[in-house]
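Biologist: Please take a close look at one sheet in this model, strand by strand. Then work outward to the other elements and the ligand sites.

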Amino acid sequence: MNHPTLERIDNADKIKAASLSELDMLAADIRSFLIEHISKTGGHLASNLGVVELTIALHNVLNFPQDQVVFDVGHQAYTHKILTGRRDRFDTLRQFQGLSGFPKPHESDCDAFGTGHSSTSISAAVGLATAKKLRGEAGHVVAVIGDGAMTGGLAYEGLNNITEELDNLIIVLNDNELSISKNVGSLAEYLAKLTSKPAYFRIKDATKKVVLHIPLIGRGLYRVIHDTKSVFKTLLVGSNFFEDLGITYFGPIDGHDIKAVSKVLGRAMTIGKPALIHLKTVKGKGYVYAENDPTAFHGIASFDMDTGEHPSNLTDSFSKVFGDSLYALAQQDERICAITAAMTEGVSLCRFAAAMPQRFFDVGIAEGHAVTFAAGLAKAGMRPCFAVYSSFLQRAYDEIVHDVALQNLPVTFLVDRAGIVGEDGETHQGIFDVSYLTSIPNMTVYSPYTYTQLKALLGEMGRCEGPTAIRIPRGGMEGRFADCYEIGDYAVYGREDASAAVVTYGRMTAQALDACEELEKSGIHTKVISLLKIKPIDFDALFCALAHCRKVVFLEESERIGGIAQQLAAELLSRRFAGRYTILALNDTYVEQGKPQQLLRVYGISAQDVVRAIAEEDAGEREEET
Ligand SMILES: Cc1ncc(C[n+]2csc(CCOP(=O)(O)OP(=O)(O)O)c2C)c(N)n1
Ligand SMILES: CC(=O)[C@@H](O)[C@H](O)COP(=O)(O)O
Ligand SMILES: [Mg+2]
């Protein structure tokens, strides 16, 4: 499809020189470009369609890279990428070595700050704006934050840190009343109140105009009223949370009106105080299927552009097995509660939420709070399960240690998206939880390979005495399921007398089994030991199973440092293991975007790498023997 206006107007200079009607045509072209490309590559369509006009207005008013924008979460930065010289790379969006779906300073100096996780933009912008002041540099810093991201506590820590001197700081609050699903909580309600009371703002504006026009003393009087915290002020101009914090509030404004948004941005840049602009936008704007179902089109795989048909999320997955099992268990046990931090669909809790709303809690994008809230519930006798993505749980580390584990409270953590997740890239890979969870005293950690194991573990929830984490990967059960025998907390596949072994856990069991089959073809008998419980590990039982092995490979899709492989290797050494071992794990690195299978090969933890490690050793041994 042709995008003639976008061909002509594709950067900030040209936007500044264009007429308003041309900018409206540009917005239409960008929308069709986004729909066309994301329908092929997948990506965060609905959020991006909602900020097309806002981004054009930012480019209309700001001068990049002197002015800087921090996009919160960063999933809505596609138009910014298009307008900063990256349009040609959209065919590679979210693919290995392709254009990232999030802001990346290494891609462009117009990406001021890397994001991916929620609610960081205000803190980062305060830092960037403060540095500009300290270094005497010109330019404004704008944080673009959604109403969903605004439910995260960090956003308020950032607001709390804004001082009057930061007149180079602007917050743009993009309010579409949606997180991934409906936004929740009293803060979301507060924003709705601000929106539904335009009369209040008219009165406030009218009051301001009258006072400012009083000859000689008007301006001074307004300042006194504005700066005072008194009842008098509240009566005169009403109260507003942001203004009470010393941040000038503009809004609510139609975020799809390029002229209005450009104008208010211009005003905010000259008031000499930090400002917040409250925009109302429509998530999915301009594409009927996304407007009607913004949740499905929030982050979507490839879809049919003409009909809006997309792969259903009802297909089999570990998340779905979890959601169905927890639902069934909670029907039987009234102590069971489900908690999510704004990821109801992702962790498959929709059914639970609909059937047992009193025991279902979407706390907003507030992982730290979710953990301590769960601790409170558990202390009072409930059995909470916090279902959360591995990478998002990172920000709740102290709450896990201090509020849950130290008090040995029976909280279940369903750690979803554990391991490599794929196209979201570095910020979203679940590669740290093994290291950060297995180092916590009192914590038990499981990594099931099959749905049956997952269901059985959840079935124990009511009997757990302390904190338990159950890790599950993105997607469904895959790979082969050979016959195995189970010993305690691990399953052994392959011949008992095998000379080589692969010790692994969770989804990587499939890679290990593939490797064994390949090795068998060359006459190398290898067994796979798949650990179900990765903390604490029953070392005695495990080393019995390794007794005849001359070669052991430890395989995991987690960071090597602090991982299971390192722990096992240390144990092998202390037990004077006579054979050799190799660790295949992520080597102190971030994992970029790409298809999970492809990434396993790139990072050296695939079935082929296991085959190589064992076959080479075997060849070496044979050479030594001859
Ligand atoms: C710490 C963290 N938790 C959860 C998420 C998953 N997540 C990504 S976008 C999003 C909703 C954001 O809503 P909002 O900020 O209003 O942006 P919108 O998509 O509505 O434009 C969530 C929950 C995340 N990226 N980071
Ligand atoms: C931007 C963000 O953090 C989420 O939208 C994330 O991309 C969801 O990932 P899943 O597709 O694995 O649910
Ligand atoms: Mg939103």
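Modeller: Strand E12 and strand E13 (residues 490-493) run antiparallel and are joined by 4 bridges. Strands pair here if DSSP finds at least two bridges between them. Helices (H or I, at least four residues) and strands (E, at least two) are DSSP runs, numbered from the N terminus. Tyr485 faces Val492 in E13. This is a predicted model: local features need pLDDT of at least 70, side-chain atom pairs count only at pLDDT 80 or more, and totals for chains, interfaces and linings use all residues. Residues are numbered from 1 along each chain as its sequence is written, and chains are lettered from A and ligands numbered from 1 in the order in which they are written.

E12 and E13 belong to an open sheet of 6 strands, ordered E12-E13-E15-E14-E17-E18, with mixed pairing. Its edge strands are E12 (484-487) and E18, each paired on one side only. From one strand to the next, the twist averages 20 degrees. Axes for such angles are lines fitted to C-alpha atoms, for helices over the stretch in contact; angles run from 0 to 180 degrees between N-to-C directions.

Now go to the E18 edge. Strand E17 (residues 551-559) pairs with strand E18 (residues 580-586) in the parallel sense, over 6 bridges. Val552 sits opposite Tyr581 in E18. Helix H25 (residues 564-574) completes a right-handed β-α-β unit with E17 and E18. Right-handed means that, with the strands pointing away from the viewer, the path from the first strand over the helix to the second runs clockwise.

There is another open sheet, with 5 strands in the order E1-E2-E3-E5-E4 and parallel pairing. Strand E1 (68-71) and strand E4 (248-254) are its edges, each pairing on one side only. Here the twist averages 20 degrees from one strand to the next. Inside this sheet, strand E2 (residues 141-146) and strand E3 (residues 169-175) pair in the parallel sense over 6 bridges. Gly146 has Asn174 as its bridge partner in E3.

Backbone checks next. Most residues other than glycine have a negative phi, and most peptide bonds are trans. The bond from Phe64 to Pro65 is cis, with omega near 0 degrees. Pro65 is in the loop between helix H5 (52-61) and E1. Gly251 and Pro252 are also joined by a cis peptide bond, with omega about -10 degrees. Pro252 is in strand E4. Ser348 is not a glycine, yet its phi is positive, about 60 degrees. It lies in the loop between strand E6 (336-340) and helix H17 (350-355).

Then the annotated sites. UniProt positions are given in the numbering used here, feature names are shortened, and annotations may be inferred rather than shown by experiment. An unreviewed UniProt entry marks Asp147 and Asn176 as "binding site". They are spread over 30 residues of sequence but cluster in space, with a largest C-alpha distance of 6.8 Å. Asp147 is in the loop between E2 and helix H8 (153-160). Another "binding site" feature from the unreviewed entry covers His75, Gly116, His117, Ser118, Gly148, Ala149, Asn176, Tyr287 and Glu367. These are spread over 293 residues of sequence and also in space, up to 31.8 Å between C-alpha atoms. His75 lies in the loop between E1 and helix H6 (78-86).

Now the ligands. A residue is near a molecule if its C-beta atom, placed from the backbone, lies within 6 Å of it. Ligand 1 has 24 residues around it; Ser47, Ser118, Gly146, Gly148 and Ala149 come nearest. By class, its shell has 9 nonpolar, 11 polar and 4 charged residues. Ala, Val, Leu, Ile, Met, Phe, Trp, Tyr, Cys and Pro count as nonpolar, Asp, Glu, Lys and Arg as charged, and the others, Gly among them, as polar. Ligand 1 lies between domain 1 (4-195 + 242-292) and domain 2 (318-471), because both give residues to its shell. Those domain bounds come from an automatic or database domain assignment.

Ligand 2 is surrounded by His44, Val73, His75, His298, Gly299, Gly346, Arg417, Val421, Asp424 and Arg474. That shell divides into 2 nonpolar, 5 polar and 3 charged residues. Domain 1 and domain 2 each supply at least three of the shell residues around ligand 2.

One annotated stretch remains. The unreviewed UniProt entry gives residues 316-480 as "domain: Transketolase-like pyrimidine-binding". Over residues 316-480 the chain is 38% helix and 16% strand, with the end C-alpha atoms 16 Å apart.
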